[in-house]
Amino acid sequence: MNALAQFLASPLPPESTSVQRKSFVTYHLSHLSCSRAEVPDGIDSIPTITLLESRTLIAASGTTGLRTWEACLHLGQYLCTNPDIIRKKRVLELGAGTGYLTILCAKYLDAARVIASDGSDDVINNLPESFFLNDLQRDDAVSVMDLKWGHAVVGSEGEQWNGGDAIDVILGADITYDQRAHSALIGTVVDLLSMFPDAEVLISAAERSQETHASFQIKCRQAGLGLSDVDFPAPPKELQMGPFCSDAVPLRIWRIFTSQVHDCVN
């Protein structure tokens, strides 16, 4: 009660200070629960991911990439339910943010290699800390890439992108919220699919604005990309077992493909 009274009596810090504060957040992966026989003594049977995040809406740098958003947790749950999508695959995460999906794929879903890419210097600089918190700092199968959407994906003349290594799966979570970035993002996806036409592309988003969702779909089709909805509804809050996320807005997952290769566009 004394601690509670002290918290209630403490003045709120100014917004310029609070946006720079970070908190340790641990996510419990209920869909990956394992038996006690597989877990050393003293270790929780539910796998976890721990991250140091800015829990405010927008971080001081102006990026939303310093916290984990609902669509990221939702896509993670889908991958936990369908681990064969990731197992032994080479994965690229676009707009990696805190690195939640990269860590999930590398640590628990048996990916052959995972690249966490982002266009924000602040995000890129924070990713090694996220890897350290999850014992991936010495894992050669995990790497960070500065990838700015809309810029040429290939390197300089005579240089092969990503060292010539192929990509099997491309992931993105909560990266479609800004209509101004749609053209650049889609341009990067088109470039990647031109190099890796067999890659599976999964993009998740919170449907905060129907206009934004419609804009993204229209621009995808204009660029020759097809979209299909993945049937994986988010459970209501009272049925969630972890990780927990708000169910205030619908969460969707799209599978994106080169429409010329498919008979129809959903």
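A residue counts as buried when its relative accessible area is under 20%, as exposed when over 50%, and as partly exposed in between (1.4 Å probe, protein chains only). The structure is a predicted model, in which local features need pLDDT of at least 70 and side-chain atom pairs count only at pLDDT 80 or more, while totals for chains, interfaces and linings use all residues. Residues are numbered from 1 along each chain as its sequence is written, and side-chain values use heavy atoms, with hydrogens and water left out.

**Buried residues**

Helices (H or I, at least four residues) and strands (E, at least two) are DSSP runs, numbered from the N terminus. The table lists three residues by location and accessibility.

| Residue | Location | Relative accessibility |
|---|---|---|
| R252 | strand β9 (residues 251–258) | 19%, buried |
| S204 | strand β7 (residues 200–206) | 0%, buried |
| S259 | segment after β9 | 16%, buried |

The side chain of R252 makes a polar contact with the side chain of D229 at 2.8 Å. A polar contact is a pair of N or O atoms within 3.5 Å; within protein, one must be able to donate a hydrogen and the other to accept it, and residues adjacent in sequence count only if both atoms are side-chain atoms.

Contact in general means heavy atoms within 4.5 Å. Not counting residues up to four places away in sequence, R252 touches I203, S204, A205, E207, H213, Q217 and D229. With the neighbours within four places in sequence left aside, the contacts of S204 include A71, C72 and L75, as well as R252 and I253.

S259 lies 33 residues from G226 in sequence, and their C-alpha atoms are 4.7 Å apart in space.

**Helices α3 and α4**

The axes of helix α3 (residues 70–81) and helix α4 (residues 100–107) come within 10 Å and cross at roughly 15°. Axes are lines fitted to C-alpha atoms, for helices over the stretch in contact, and angles run from 0 to 180 degrees between N-to-C directions. Angles under 35 degrees count as roughly parallel, over 145 as roughly antiparallel, 65 to 115 as roughly perpendicular and the rest as oblique; α3 and α4 are therefore roughly parallel to each other.

On the α3 side, the contact is made by C72, L73, L75, G76, L79 and C80, and on the α4 side by Y100, L101, L104 and C105.

In α4, 7 of the 8 residues are buried, so the helix is mostly covered. The buried residues of α4 are Y100, L101, T102, I103, L104, C105 and A106.
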